[in-house]
Amino acid sequence: MALTIEDRFVRGRKDAGFIPLRAALGSTMIYHGMSKLKEESREQAGQMFEQIGLRPGKPLAVATGAAEVFAGVASMLGFLTRPAALAVLVTQAVAIAKVHAKKGFEVTQGGFEYNLVLIAIALGLLVAGPGGLSLHEQLEHLAEGRGPKRLLRKVRANPFLRFLKLVK
């Protein structure tokens with residue numbers, strides 16, 4: 001009994017550890033994505049994309065902004081966390097390759113230090129998933145149901161539960 005309580009406590013503490021990571025990544029990505037999607041800044045972002053060799057600039061800037069907003073919202077909710085992490089990995093890898101790498105590591109000189117932190121958080125979420133305190137986990141519990149039928153549903157999962165397990 002004591003071991004079970006301690007195990008739940010440790011599990012809960014570990015799951016709670018994902019919340020600040022998801023919040024930091026999510027809020028950052030929403031901010032950066034929205035800055036590309038605002039009507040007055042779409043043109044400017046498109047021109048910047050063209051200058052660094054990404055063409056057509058404006059559509060790619062809008063697509064990047066949408067991917068970043070998706071990644072941010074999904075990270076904060078803890079739903080579709082792994083696809084969101086992939087979006088962060090792609091956008092930040094391109095940002096490093098096209099803009100920050102030639103400026104070195106130091107963030108105050110335009111380097112890739114901050115991008116590397118975002119990539120590290122995204123990699124952690126890609127590997128571990130959203131954690132137990134997430135929308136995904138709650139939807140998974142709803143799809144599994146309660147009681148003795150729960151074991152049967154885990155073995156013979158319905159399509160919704162299979163989808164949830166796939167994109168966790």
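**Group meeting talk: a helical chain, its core and its pocket**

Let's start in the middle. The largest nonpolar core has 16 residues. L25, M29, A71, V88, A122 and L125 have the most contacts inside this core. Which helices build it? At least two residues each come from α2, α4, α5 and α6. The largest share belongs to α5, with six residues of this core.

A quick caution before I go on. This is a predicted model. Keep that in mind throughout.

Now the whole chain. How many helices and strands does the chain have? Nine helices and zero strands. Reading along the sequence, you pass α-α-α-α-α-α-α-α-α. The chain has 168 residues, and 35% of them count as buried. Next, contacts. Take those in the chain with a separation of 6 or more. Residues 24 or more positions apart account for 61% of them.

On to α2. This helix has 20 residues. From first C-alpha to last, α2 reaches 28 Å, close to the 28 Å expected at 1.5 Å a residue. Which of its residues are buried? They are F18, R22, L25, G26, T28, M29, G33 and K36.

Pick out L25 from that list. What does L25 touch, once residues up to four places away in sequence are set aside? The answer is S75, V88, L118, I121, A122 and L125. Two of those names, A122 and L125, came up with L25 a moment ago, among the residues with the most contacts inside the core.

Stay on α2 and find I30, which sits in this helix. Is I30 buried or partly exposed? I30 has a relative accessible area of 24%, so I30 is partly exposed. The cut-off you need here is that buried means under 20%. Now look across from I30 to A71. They are 41 residues apart in sequence, yet 7.6 Å apart in space, C-alpha to C-alpha. I30 also touches E68, V69, G72, V73 and M76, again not counting residues up to four places away in sequence.

One more stop on this helix. L37 is also in α2. L37 and A63 are 26 residues apart in sequence and 8.8 Å apart in space, C-alpha to C-alpha. Leaving out neighbours within four places in sequence, L37 is in contact with R42, V62, G65, A66 and V69.

Next, α4. Why do we say its length agrees with expectation? At 1.5 Å a residue, its 21 residues should span 30 Å, and the end C-alpha atoms of α4 are 30 Å apart, so the two agree. Which residues of α4 are buried? G57, A61, T64, G65, E68, V69, A71, G72, A74 and S75. And what covers them? The cover includes α2, α3 and α5.

Now look at what comes before and after α4. P56 is in the loop between α3 and α4. The peptide bond from R55 to P56 is cis, with omega near -5°. At the other end, α4 is followed by G78, whose phi is positive, near 75°. Then there is L80, in the loop between α4 and α5. Its phi is near 60°, a positive value in a residue other than glycine.

That takes us to α5, and to T91, which lies in this helix. Why does T91 count as buried? Because its relative accessibility is 13%, and the buried cut-off is under 20%. T91 touches M29, T64, A67 and E68, with residues up to four places away in sequence left out.

Last topic: the pocket. How do we look for empty space? Rolling a probe the size of a water molecule over the atoms shows where empty space is left. Here, the largest pocket holds about 640 Å³ of space. Its lining has 25 residues. K36, F49, T64, E68 and A95 lie nearest its centre.

Which helices supply the lining? At least two residues each come from α2 (18-37), α3 (39-51), α4 (57-77), α5 (81-100) and α6 (113-128). The largest share of the lining is eight residues, and α5 supplies them. What kinds of residue are they, across the whole lining? There are 13 nonpolar, nine polar and three charged.

So one helix to remember is α5. It gives the largest share of the core, and the largest share of the pocket lining. Thanks, that's my talk.

Key. Residues numbered from 1 in each chain as written. Predicted model: local features only at pLDDT ≥ 70, side-chain atom pairs only at ≥ 80, totals over all residues. Heavy atoms only, no water. 1 Å grid on protein atoms, 1.4 Å probe; cavity = no way out; pocket = protein on both sides within 12 Å on 5 of 7 lines; lining within 4 Å. Points joined across faces, edges and corners; volume = space filled by probe spheres on them. Helix = DSSP H or I, 4+ residues; strand = E, 2+ residues; numbered from the N terminus. Nonpolar A, V, L, I, M, F, W, Y, C, P; charged D, E, K, R; others polar. Expected span 1.5 Å × (residues − 1). Buried < 20%, exposed > 50% of the residue type's maximum accessible area, 1.4 Å probe, protein only. Core = buried A, V, L, I, M, F, W, Y, C linked by side-chain atoms within 4.5 Å. Contact = heavy atoms within 4.5 Å.
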